[in-house]
Amino acid sequence: MSRGTLYIVTAPSGCGKGTLLNGADKRHGLVYSVSATTRQPREGEIDGVHYYFKSREEFEEMIKADDFLEYAEYCGNLYGTPRSAVEKLISEGKNVLFEVEVEGAMKLIKKLPEAVTIFILPPSVKELKRRLLKRGTEPVEKVDQRVKRAKSEIPYAKYFDFVIVNDDLDDALKDFDACIIAAKRARKYHCKDIDNKILEVLEDE
Ligand code: 5GP
């Protein structure tokens with residue numbers, strides 16, 4: 001079975017990643033990799049849909065059992081990509097989208113070198129802070145923590161295939177969709193498939 005396209009999407013908190021990704025599964029035939037986290041669920045978040053919500057003990061047990069493809073600590077909480085669920089999706093040839101912070105993204109890029117990588121930048125740190133405060137899902141001290149983290153994440157944009165600046169949401173959405181489509185078309189033949197494709201092209205004289 002041919003492999004699907006894998007997408008790694010990273011954005012500092014408050015870049016509008018949620019809004020950009022919302023509905024991308026249906027528009028592009030993608031499945032989201034559901035991460036595990038020790039963070040408390042936000043209002044409306046469902047266990048097993050948005051995240052697998054775990055206690056720190058449970059998460060640490062999973063680390064010991066080598067259950068994660070990658071994991072990272074982010075602003076006091078642990079976040080990780082469950083290995084077996086992802087391996088199953090990949091083996092089924094699904095197009096899988098991973099939404100992770102930068103440290104996890106850099107680890108995933110090494111493990112999944114064929115993945116298409118997208119980094120979403122805010123127009124400025126000032127605007128990022130304004131959006132986080134407006135969103136109001138985190139107390140002010142946590143917002144400061146997330147802004148500090150964002151400042152350390154932003155320079156990593158240079159390691160990604162595509163960089164989208166989310167200034168105007170409609171434009172960013174168009175850019176995001178264009179990246180997904182272009183990547184799917186141009187990188188249709190991934191590592192394992194490329195040999196077959198080359199043979200197919202060469203043999204058809
Ligand atoms: P939030 O608490 O806002 O849902 O997520 C905080 C950060 O954790 C976001 O940047 C998000 O992309 C990242 N994140 C979510 N799941 C994972 C994961 O499985 N691994 C890593 N490394 N980061 C994750």
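Visitor: What volume does the largest pocket have?
Guide: This is a predicted model, so the value is computed from predicted atoms. A probe the size of a water molecule, rolled over the atoms, shows where empty space is left. For the largest pocket, the volume is about 1,300 Å³.

Visitor: Which residues are the closest to the centre of the largest pocket?
Guide: The lining of the largest pocket has 42 residues. The closest to the centre are Lys-17, Gly-18, Arg-42, Tyr-51 and Glu-99.

Visitor: Which element gives the most to the lining of the largest pocket?
Guide: Several elements each supply at least two lining residues: α1, β5, β7, α6 and α7. One of them gives the most, with five residues. That element is α6.

Visitor: How far apart are the end C-alpha atoms of helix α8?
Guide: Helix α8 covers residues 169–186, which makes 18 residues. At 1.5 Å a residue, the expected span is 26 Å. The model agrees with that, because the end C-alpha atoms are 25 Å apart.

Visitor: Within what arc do the buried residues of α8 fall?
Guide: Buried means under 20% relative accessible area. In α8, that holds for Ala-172, Phe-176, Asp-177, Cys-179, Ile-180 and Ala-183. Seen down the axis, these buried residues line one face of the helix, because they fall within an arc of 150 degrees.

Visitor: Which residues are exposed on the other side of α8?
Guide: The buried residues of α8 pack against β1, α1, α2, β7, β8 and β9. The other side of α8 has exposed residues. They are Asp-170, Lys-174, Arg-185 and Ala-186.

Visitor: At the start of α8, which residue has a side-chain oxygen that reaches the backbone nitrogen of Asp-170?
Guide: Look at the start of α8. A side-chain oxygen there comes to within 3.2 Å of the backbone nitrogen of Asp-170. The oxygen belongs to Asp-168.

Visitor: Is Ile-118 buried or exposed?
Guide: Ile-118 lies in strand β8. Leaving aside neighbours within four places in sequence, Ile-118 is in contact with residues including Ile-8, Val-9 and Phe-160. Three residues of α8 also touch Ile-118, namely Phe-176, Cys-179 and Ile-180. The relative accessibility of Ile-118 is 0%, so Ile-118 counts as buried.

Visitor: How far apart in space are Ile-118 and Thr-81?
Guide: In sequence, Ile-118 and Thr-81 are 37 residues apart. In space, C-alpha to C-alpha, the distance is 17 Å.

Visitor: Which residues of helix α4 are buried?
Guide: Helix α4 runs over residues 83–91. What covers its buried residues includes β1, β2, β5, β6 and β7. On the other side, Ser-84, Lys-88 and Ser-91 are exposed. The buried residues are Val-86, Leu-89 and Ile-90.

Visitor: Why do the buried residues of α4 line one face of the helix?
Guide: The residues in question are Val-86, Leu-89 and Ile-90. Look down the axis of α4. The buried residues line one face because they fall within an arc of 100 degrees.

Visitor: Is Ser-33 buried or exposed?
Guide: Ser-33 lies in the loop between β2 and β3. Its contacts, not counting residues up to four places away in sequence, are Thr-81, Val-86, Val-96, Leu-97 and Phe-98. The relative accessibility of Ser-33 is 12%, so Ser-33 counts as buried.

Visitor: What is the phi of Cys-75?
Guide: Cys-75 sits in the loop between β5 and β6. At 10% relative accessibility, Cys-75 counts as buried. Cys-75 is not a glycine, yet its phi is positive, at about 45 degrees.

Visitor: What is the phi of Asp-66?
Guide: The place of Asp-66 is the loop between α3 and β5. At 49% relative accessibility, Asp-66 counts as partly exposed. Its phi is positive in a residue other than glycine, near 60 degrees.

Visitor: Which backbone oxygen lies 3.2 Å from a polar atom of the side chain of Arg-149?
Guide: Arg-149 lies in helix α7. With a relative accessible area of 19%, Arg-149 is buried. Its contacts, leaving aside neighbours within four places in sequence, are Glu-73, Tyr-74, Cys-75, Glu-101 and Glu-103. The backbone oxygen in question is that of Glu-73.

Definitions and conventions: Residues are numbered from 1 along each chain as its sequence is written. This is a predicted model: local features need pLDDT of at least 70, side-chain atom pairs count only at pLDDT 80 or more; totals for chains, interfaces and linings use all residues. Side-chain values use heavy atoms; hydrogens and water are left out. Helices (H or I, at least four residues) and strands (E, at least two) are DSSP runs, numbered from the N terminus. The expected span of a helix is 1.5 Å times one less than its number of residues. Buried means under 20% relative accessible area, exposed over 50%, partly exposed in between (1.4 Å probe, protein chains only). The arc is that of the directions from the helix axis to the C-beta atoms. Contact means heavy atoms within 4.5 Å. A polar contact is a pair of N or O atoms within 3.5 Å; within protein, one must be able to donate a hydrogen and the other to accept it, and residues adjacent in sequence count only if both atoms are side-chain atoms. On a 1 Å grid over the protein atoms alone, a cavity is a set of points where a 1.4 Å probe fits but cannot get out, and a pocket is an open set with protein on both sides within 12 Å along at least five of seven lines; lining residues have an atom within 4 Å of a point. Grid points are joined across faces, edges and corners, and a volume is the space filled by probe spheres set on the points.
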